[in-house]
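Reader: I am new to this structure and would like a close look at one part of it. Please start there, and then go through whatever else can be said about the rest.

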Amino acid sequence: MQLLRCTLVLVFLTCGVGTVAGQADLLIKNGQIVDGSGNPSYMGNITIHRGRIISVGLLEPAAKQVIDARGLVVAPGFIDVHTHAENVSKMPGATNFVRMGITTLVLGNCGGSKSDLGKFFKELEDRLITPNVASLIGHNSVRSRAMGGSFMRPPTDEELDEMKSTVDQAMKDGAVGLSTGLIYLPGTFANTEELIELAKVASKHGGIYVSHMRNEGDDIGEALEELMRIAREAKLPAHVSHIKASGQRNWGRSIETLKALALGRLEGLELTQDQYLYPASSTGIQNSIPQSYREGGLSKLKERLDDPETKAKIVKRMKDRLEKRGIADYEYAAIASWRRDRRLDGLRLPAAAKIRRGSDSLDDQLELIFEIARSGGASGVFYSQSEEDIRRFQQDPHTMFASDSSIRTYRLGVPHPRGYGNSARALSEYVRTHQLLSIEEAVRRMTSLPARQFRLKDRGMIRSGAWADLVVFDPASVKDNATFEQPHQYASGMRYVLVNGGVVVENDRHTGSRPGKIVRRGK
Ligand SMILES: [Zn+2]
C-alpha cells in the first residue's frame, strides 16, 4: 500500500505540473480514504481536475477549491445496480438517490427498459442529469415490441430475430447487459431457450445477464438452475436481482441458495447478486385479496363483497392461501398508513383487528382487510423475509446493495423506504450499529464490485485516473431516516457528494448541479 501511494505521488509530481498548470480544480484533504477495493482505509488527500481524480496520496497541491475532510470518510460514489429510475428524464435531480450517496444508477431492471436506448440516452444528455446513468435492455420490453399483444407462446423465427436485433442495437448503444423479469408479462411466457438466444447477443458485446428470477420462494432452486444454465450456455456473467428467500416456510433457504451459487462459481461461472437491506416489501393491504376478485376496480369489488356467496368464496380462497404457505394468520402484514383510522398505523393485522373490531381472530383480520379495501385501500408492509436470511445474504462477498427504486416525488404516496435509505442503511445499521460488515467491505459492495461486474469503466474506485464520483460522509452520524410509516425522509450525514468532479450534495442539500453522464458499457 505504501509503495503504491508513493508511486501515485510521483506520478502527480511528474505529470501534474504540466497538465494542471499549477492549480487543480479541487483538493479534498485529511480524509479517511476508503478506496472501494475493500483494502484498509488510510488518511490522505485527493486531487481532482477536469472531472477525474489526478492524485491520491499525501500531496497538497494548490487548488481552486479545498474541502477539509478531517474526521470524515471519503469513498467512491455508490453505484446502485438495481433501479427503476427511468423517470430520471422527468426528475433529473434524482434527489433521493444522490442524498444517500448514489452517483451512478443502473436502469432497465426486471425486464423493463426503454427499448430504444440510443434515443433515451441522447434525451438524457440533452436534458442534463445529476447522477450518472447506465442501463440494461429489458427482455419484457423487447418481447412486447416484437410480439405485440399475443405473447402466450414462443416467438416465431422472425420475431426472435427481431428481438435479437433490438438487443444487439441496445448493446451497440451502450447497454450494460440484458435483464429479465420472469414473473411479469410477457417475460413469464418465455422459455429458457429464448432467453439463452438473447443472452448470447448480450454476451457477444461483453454484457451481463441480470434476472428477477421466475421464483423467489418455493421453487427458488429451479429458478437458480435456469439462471446458471443461461450463464453457462450463453457464456456471460449472471446476476440475481433482489435475492431473497420469500415466504415464511422458505425462511432459512438462504443457505442452500448461496451454496448453489457457490457451486456455480466453482464450475467457473461469474455470478453475483444484489439485495435491499429491509426485511419487508411494501404494497397495498387490499392486495391481499386475490387479484381475480379485485378486477374491474373498487365498485366491482364492493359488489362481490356484498354478495354473501361470492364473499364466502373470497374468504375461502384467502384462508387456503395462508394454509398453503403454512402460516396461521396475517401477523406478517402491518398497516403502514390508513387514513380512516390512524391508531392502526404501524400495527400488525391481528393487533389492528383487536383494536378496530375487538378481536384478533383470523375472521376479524379478514373483515378488517375488506373494510380497508372498501375504503379505497391502505399501504402495507409485508414481512416476507427473515432478518436471518437477509444477514446471511449480506455476509456473502458477492452481494451488492441496491435499492430497487425509482426516483421519488417528495411526499407523494407511501413508497418503500429503501428508495431514500438503502445505501445509508448499509453504513448506519450494518456497519455502525450491528458491526456486521467493516466499512471497507460495505463500501466495496456498493462501488468496485458493481463497477467490475457491470463493466463501468473508471468508476467505483478511488485511484488516479478514475472519474471523480465521490462521497464524503460522517461515519458517526450517517443515517437512513426513511421508515415504512414515514418514507419521505432523506438520508443524512452526507457532507459532500461529487459526480464527475461536480458537487451535487453539500451538507445534506442538493446543489442543483447536473454533471451526470451516460455510462456506456466499457466506456
Ligand atoms: Zn424485480
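Author: The buried residues of α4 pack against β9 (137–138), α5 (157–172), β10 (177–181) and α6 (192–204). Helices (H or I, at least four residues) and strands (E, at least two) are DSSP runs, numbered from the N terminus. Buried means under 20% relative accessible area, exposed over 50%, and partly exposed in between (1.4 Å probe, protein chains only). Packing here rests on contact, that is, heavy atoms within 4.5 Å. The model is predicted, so local features need pLDDT of at least 70 and side-chain atom pairs count only at pLDDT 80 or more, while totals for chains, interfaces and linings use all residues. Residues are numbered from 1 along each chain as its sequence is written, and side-chain values use heavy atoms, with hydrogens and water left out.

Helix α4 covers residues 139–147, and seven of its nine residues are buried. These are His139, Asn140, Ser141, Val142, Arg143, Ala146 and Met147. Just after α4 comes glycine 148, with a positive phi of about 60°.

Another helix to look at is α15 (residues 418–433), where serine 428 is found. Serine 428 counts as buried because its relative accessibility is 3%. Apart from neighbours within four places in sequence, serine 428 is in contact with Thr433, Val478, Lys479 and Asp480. Aspartate 480 also forms a salt bridge with arginine 425, at 3.5 Å from N to O. Arginine 425 lies in helix α15, and aspartate 480 lies 55 residues away in the loop between β18 (470–473) and β19 (494–499). Both partners are buried, aspartate 480 at 6% relative accessibility and arginine 425 at 13%. A salt bridge here is a side-chain nitrogen of Lys or Arg within 4 Å of a carboxyl oxygen of Asp or Glu.

The structure holds 39 salt bridges. One of them joins glutamate 125 and arginine 520, at 3.1 Å from N to O. This pair is 395 residues apart along the chain, with glutamate 125 in helix α3 (residues 117–127) and arginine 520 in the segment after β21 (509–510). Glutamate 125 is partly exposed at 36% relative accessible area, and arginine 520 is partly exposed at 24%. A salt bridge within one helix is formed by glutamate 233 and arginine 229, whose closest N and O atoms are 2.9 Å apart. These two lie in α7 (residues 220–234), four residues apart, which is about one turn of the helix.

On a wider scale, the chain is divided into domain 1 (78–279 + 386–457) and domain 2 (282–382), with bounds that come from an automatic or database domain assignment. Their centres, taken over C-alpha atoms, are 31 Å apart. Seven residues of domain 1 are in contact with eight of domain 2. Between them the domains bury about 540 Å², 50% of it on carbon and sulfur atoms. Buried area is the accessible area (1.4 Å probe) that two parts lose on being put together, summed over both. On the domain 1 side, Gln248, Arg249 and Val414 lose the most area to domain 2, together 70% of what that side buries. Zero salt bridges are found across this interface.

Finally, glycine 296 sits in the loop between α9 (291–294) and α10 (298–306). Glycine 296 is exposed, at 63% relative accessible area.
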